[in-house]
Amino acid sequence: MQIVLNGEPRDVSDSTTVRALLCELHLDKSAIAVAVNRTFVPRSEHVTHRLAAGDEVELLAPMQGG
């Protein structure tokens, strides 16, 4: 199925969860905030929140600066 990840189309398997997507992308799960269809997904729900075709997923990482 296809989702939109940070504005770019991406193919993922039908049973992909938020956690599986983060693992597939080799991202530090503790440092990433995730929104699906503009709704924040709490870290406690990453394992159970399944993505659906057409979902718009935004991954946000904290930035340092000044």
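Me: Is Arg 10 buried, exposed or partly exposed?
Reply: Arg 10 is partly exposed, because its relative accessible area is 27%. Keep in mind that this is a predicted model.

Me: What does Arg 10 form a salt bridge with?
Reply: Glu 24. The closest N and O atoms of the two are 3.0 Å apart.

Me: Where do Glu 24 and Arg 10 sit?
Reply: Glu 24 is in helix α1 and Arg 10 is in strand β2. They are 14 residues apart, so the pair is described as linking distant parts of the chain.

Me: And how accessible is Glu 24?
Reply: Glu 24 has 38% relative accessibility, so it counts as partly exposed.

Me: How many salt bridges does the structure hold?
Reply: One.

Me: Switching to the sheet. What is the strand order?
Reply: The order is β2-β1-β5-β3-β4. It is an open sheet of five strands with mixed pairing.

Me: Which strands are at the edges?
Reply: β2 and β4. Each of these pairs on one side only. From one strand to the next, the twist averages 35°.

Me: How do β3 and β5 run, parallel or antiparallel?
Reply: β3 and β5 run antiparallel, joined by four bridges. Val 34 stands opposite Leu 59 in β5. Ala 35 has Glu 58 as its bridge partner in β5.

Me: How many bridges join β3 to β4?
Reply: Three, and these two strands also run antiparallel. Here Val 34 has Val 41 of β4 as its bridge partner.

Me: What do β3 and β4 form?
Reply: A hairpin, with two residues between the strands. Asn 37 in the turn has a positive phi of about 55°. Arg 38 lies in the loop between β3 (33-36) and β4 (39-41). Arg 38 also has a positive phi, about 70°, although it is not a glycine.

Me: Arg 38, buried or exposed?
Reply: Exposed, because its relative accessibility is 80%.

Me: What about the loop between β1 and β2, which residue lies there?
Reply: Asn 6 lies in that loop, between β1 (2-5) and β2 (8-11). Asn 6 has a positive phi of about 50° and is not a glycine. At 39% relative accessibility, Asn 6 counts as partly exposed.

Me: On to the core. How many residues are in the largest nonpolar one?
Reply: It has 13 residues. Those with the most contacts inside it are Val 18, Leu 21, Val 34, Val 36, Leu 51, Val 57 and Leu 59.

Me: Which elements supply at least two residues each?
Reply: β1, α1 (18-24), β3 and β5. The helix α1 gives the most to this core, with three residues.

Me: Why would such residues gather like that?
Reply: In soluble globular proteins, nonpolar side chains tend to be buried together.

Me: Leu 51 was in that list. Where does Leu 51 lie?
Reply: In the loop between β4 and β5 (56-60). Leu 51 still counts as buried, because its relative accessibility is 4% and the cut-off for buried is under 20%.

Me: What is Leu 51 in contact with, leaving aside neighbours within four places in sequence?
Reply: Met 1, Ile 3, Asp 14, Thr 16, Thr 17, Val 18, Leu 21, Val 36 and Val 57. Leu 51 and Val 12 are 39 residues apart in sequence, with their C-alpha atoms 9.0 Å apart in space.

Me: Any residue in the loop between β4 and β5 that's out in the open? Which one is exposed?
Reply: Ser 44 lies in the loop between β4 and β5. Ser 44 is exposed, because its relative accessible area is 66%. Ser 44 and Glu 8 are 36 residues apart in sequence and 26 Å apart in space, C-alpha to C-alpha.

Me: Back to Thr 16. Where is its place?
Reply: Thr 16 is in the loop between β2 and α1. Thr 16 counts as buried, because its relative accessibility is 4%.

Me: What does the side chain of Thr 16 reach?
Reply: The backbone oxygen of Ser 13, at 2.8 Å. Leaving aside neighbours within four places in sequence, Thr 16 is in contact with Leu 21, His 49, Arg 50 and Leu 51.

How values were computed: Residues numbered from 1 in each chain as written. Heavy atoms only, no water. Buried < 20%, exposed > 50% of the residue type's maximum accessible area, 1.4 Å probe, protein only. Contact = heavy atoms within 4.5 Å. Pairing = 2+ DSSP bridges. Axes fitted to C-alpha atoms, helices over the stretch in contact; angles between N-to-C directions. Core = buried A, V, L, I, M, F, W, Y, C linked by side-chain atoms within 4.5 Å. Polar contact = N/O pair within 3.5 Å; in protein donor to acceptor, adjacent residues only side chain to side chain. Salt bridge = Lys/Arg side-chain N within 4 Å of Asp/Glu carboxyl O.
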